[in-house]
Amino acid sequence: RTEETVNYEITKKVTNEVRETGVVKRLSVAVVVDGDYSTPGDAKTYKKRDQKELEQLIALVKSAVGYDKDRGDQVEVQNMQFANIDEAMGTAPEYIFMGFTKLEIMKMAEGLGVALVAILVILLVVRPMVTRAFETLPAQAEAQRRLLAEQA
């Protein structure tokens with residue numbers, strides 16, 4: 001839909017063009033596929049995927065993205081070994097209590113310690129100060145009444 005407004009008084013022309021859908025000029029898709037891991041015994045061995053499997057994956061990707069050869073779309077599927085997270089992170093964490101690691105338990109203990117100190121400050125410092133403030137108010141009011149009574 002195209003709308004055009006021409007204003008001759010100030011020589012201004014405004015054109016608004018609205019399209020319902022976007023236009024895809026070209027798609028470029030890259031996919032990395034992990035190989036196969038076979039475990040004879042305790043050792044894991046990496047094996048690349050064969051060309052037949054890669055062709056099936058290419059066809060799957062093309063159908064998923066709406067591949068159009070005339071538009072100049074490109075689809076690339078490569079076989080590459082993924083990084084092993086367990087090896088990259090080192091040894092597995094040692095769980096001590098109820099599935100928590102030592103570091104997590106220390107952080108929880110630190111938070112509980114801060115909460116305990118806050119509760120003690122409220123109970124042992126703030127509460128007595130507030131009660132003393134409310135106890136002195138009636139005594140001050142009684143002293144003011146006596147003073148006014150003596151002056152009258």
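A residue counts as buried when its relative accessible area is under 20%. Aspartate 73 has a relative accessible area of 7%, and it is therefore buried. The model in which this residue is found is a predicted one, and the discussion below should be read with that in mind.

Confidence in the prediction is a suitable place to continue. The mean pLDDT of the protein chain is 83, and 90% of its residues reach 70 or more. Among the elements of the chain, strand 3 has the highest mean pLDDT, at 94, whereas helix 2, residues 85-89, has the lowest, at 67. Where pLDDT is low, the predicted coordinates should not be read in detail.

Attention may now turn to the nonpolar interior. In soluble globular proteins, nonpolar side chains tend to be buried together. In this model, the largest nonpolar core consists of seven residues, namely Val29, Val33, Leu54, Ile58, Val61, Val75 and Val77. At least two residues of this core come from each of strand 3 (28-33), helix 1 (51-65) and strand 6. Helix 1 gives the most, with three residues. Valine 29 illustrates how one core member is surrounded: leaving out residues up to four places away in sequence, valine 29 touches Val61, Val65, Gln74, Val75 and Glu76.

Strand 6 spans residues 74-79, and asparagine 79 lies in this strand. Is asparagine 79 buried or exposed? Its relative accessible area is 15%, so asparagine 79 is buried. The side chain of asparagine 79 makes a polar contact, at 3.5 Å, with the side chain of tyrosine 46. When neighbours within four places in sequence are set aside, asparagine 79 is in contact with Val33, Asp34, Gly35, Tyr46, Lys48, Arg49 and Leu54. Two of these partners, Val33 and Leu54, also appear in the list of core residues.

Another partner of asparagine 79 is Arg49, which leads to the charged side chains. The structure holds two salt bridges. In one of them, arginine 49 is paired with glutamate 53, and the closest N and O atoms are 3.2 Å apart. Arginine 49 has a relative accessible area of 28% and is therefore partly exposed; glutamate 53, at 33% relative accessibility, also counts as partly exposed.

A salt bridge also joins the side chains of arginine 71 and aspartate 73, with an N to O distance of 2.6 Å. Here the text returns to its starting point. Aspartate 73 is buried, at 7%, whereas arginine 71, with a relative accessibility of 27%, counts as partly exposed.

Technical notes:
Residues numbered from 1 in each chain as written. Predicted model: local features only at pLDDT ≥ 70, side-chain atom pairs only at ≥ 80, totals over all residues. Heavy atoms only, no water. Helix = DSSP H or I, 4+ residues; strand = E, 2+ residues; numbered from the N terminus. Buried < 20%, exposed > 50% of the residue type's maximum accessible area, 1.4 Å probe, protein only. Polar contact = N/O pair within 3.5 Å; in protein donor to acceptor, adjacent residues only side chain to side chain. Contact = heavy atoms within 4.5 Å. Core = buried A, V, L, I, M, F, W, Y, C linked by side-chain atoms within 4.5 Å. pLDDT = per-residue confidence, 0-100. Salt bridge = Lys/Arg side-chain N within 4 Å of Asp/Glu carboxyl O.
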